[in-house]
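Me: I would like a close look at a single part of this protein. Could you walk me through it step by step?
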Amino acid sequence: MDAFYASVEQRDDPALRGKPVAVGGMHRGVVAAASYEARRYGVRSAMPSVTALRRCPDLVFVKPRFDAYRAVSQQIRAIFLDYTPLVEPLSLDEAYLDVTEDLKGIGVATRIAEEIRARIRAETGLTASAGVSYNKFLAKLASDQNKPDGLCVIPPGKGEAFVAGLPVSRFHGVGPRTAEKMARLGIETGSDLRAQSLAFLQHNFGSSGQYFHDLARGICHRQVRPDRPYKSIGAEDTFFDDLSDEADLVAELDRISQTVWRRVTDKGLSGRTVTLKVKYRDFQIVSRARTLDRPVHGRAEFLEIGCALLRTLLPVAKGVRLMGLTLSKLDTKVGAPPVQELELPL
């Protein structure tokens with residue numbers, strides 16, 4: 001989906017259309033999504049709100065409405081399932097589809113993508129971009145190529161040439177630190193990566209060496225997995241004012257725990273590890289975790305463990321601007337449906 005959260009807000013509020021919009025907190029938070037009008041000023045998701053305002057003084061901030069975004073996401077998911085049962089969501093606004101089993105008998109992946117995009121526009125009033133190719137890695141790259149409202153096709157035999165000129169930072173699995181390491185080794189593009197031997201890549205990147213060697217050649221063996229399990233469920237919040245009083249921090253943790261536990265319960269999950277994240281006034285981040293030998297019994301115990309972890313950081317020498325609480329080492333309870341990863345702000 002194109003600028004999904006911001007596009008939903010502009011769709012639902014005509015006064016926002018054509019204006020630079022950021023979904024997130026104006027004073028202390030970060031940008032969760034930016035409209036294309038805002039992106040022209042260099043505003044991007046995950047950017048501190050104060051930075052975004054400096055770049056775009058006319059930026060309009062809108063409070064997130066995750067219930068609305070989930071409802072639209074479910075509409076879009078239903079459209080996908082008309083074409084294939086193999087849908088692997090990455091987030092509320094993105095998914096992989098394996099259309100080998102072409103339920104409508106259309107016969108051409110590009111035509112399937114075009115029909116899905118047309119239906120999304122007609123049924124939700126929003127635009128989507130699509131990438132079509134013969135593996136997940138290339139389809140993902142293609143989906144970002146012609147945004148917004150675009151379609152890009154990488155046919156068999158063209159994958160290696162397509163990735164040759166791209167920066168390796170765009171490759172799935174190459175994060176900022178790996179990209180920096182590659183740059184130090186003289187690897188900045190797909191072509192640079194392809195020039196390295198398998199032995200060289202394995203020496204420098206260990207078990208990921210074979211994976212990077214394949215990517216440079218347009219090869220990816222990852223399957224579309226509709227039953228990919230959650231790794232964690234969490235929530236975090238940035239406070240309007242820095243907090244240091246224990247009672248205030250516990251009250252906020254109680255509120256955050258309610259959000260997390262509602263998501264855990266909705267998905268029919270249980271988990272054994274509780275992790276507390278704290279960001280201080282100076283942006284230093286610390287975390288504390290505790291793992292049980294059994295699932296956490298309920299929200300009360302979840303909060304109790306979170307509070308115990310918080311107390312290991314008390315008294316607070318500097319104000320706390322953000323806290324988060326996460327449940328991991330998850331298991332699906334008996335009778336629960338298959339699930340995917342979820343990590344959302346409040």
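Me: How many bridges join strand 1 to strand 3, and do they run parallel or antiparallel?

Reply: Happy to help! This is a predicted model, in which local features need pLDDT of at least 70 and side-chain atom pairs count only at pLDDT 80 or more, while totals for chains, interfaces and linings use all residues. Residues are numbered from 1 along each chain as its sequence is written, and side-chain values use heavy atoms, leaving out hydrogens and water.

Strand 1 (residues 21–24) is joined to strand 3 (residues 60–62) by three bridges, and the two run parallel. Strands here are DSSP runs of E with at least two residues, and helices are runs of H or I with at least four, both numbered from the N terminus. Two strands pair if DSSP finds at least two bridges between them. Opposite V21 you will find V60 of strand 3.

Now look at strand 2 (residues 31–34): three bridges join it to strand 1, this time antiparallel. Here V23 has A33 as its bridge partner.

Put together, the three strands form an open sheet in the order 2-1-3, with mixed pairing. Strand 2 and strand 3 are the edge strands, each pairing on one side only. Neighbouring strands are turned by 30° against each other on average, direction ignored. Helix 1 (residues 4–12) packs on this sheet, touching strand 1, strand 2 and strand 3, and its direction makes about 110° with that of strand 1. Contact means heavy atoms within 4.5 Å; axes are lines fitted to C-alpha atoms, for helices over the stretch in contact, with angles from 0 to 180 degrees between N-to-C directions.

In a regular strand, side chains alternate between the two faces of the sheet. Both faces of strand 1 are covered: V21 and V23 on one side, and A22 and G24 on the other, are all buried, meaning under 20% relative accessible area (exposed is over 50%, partly exposed in between; 1.4 Å probe, protein chains only).
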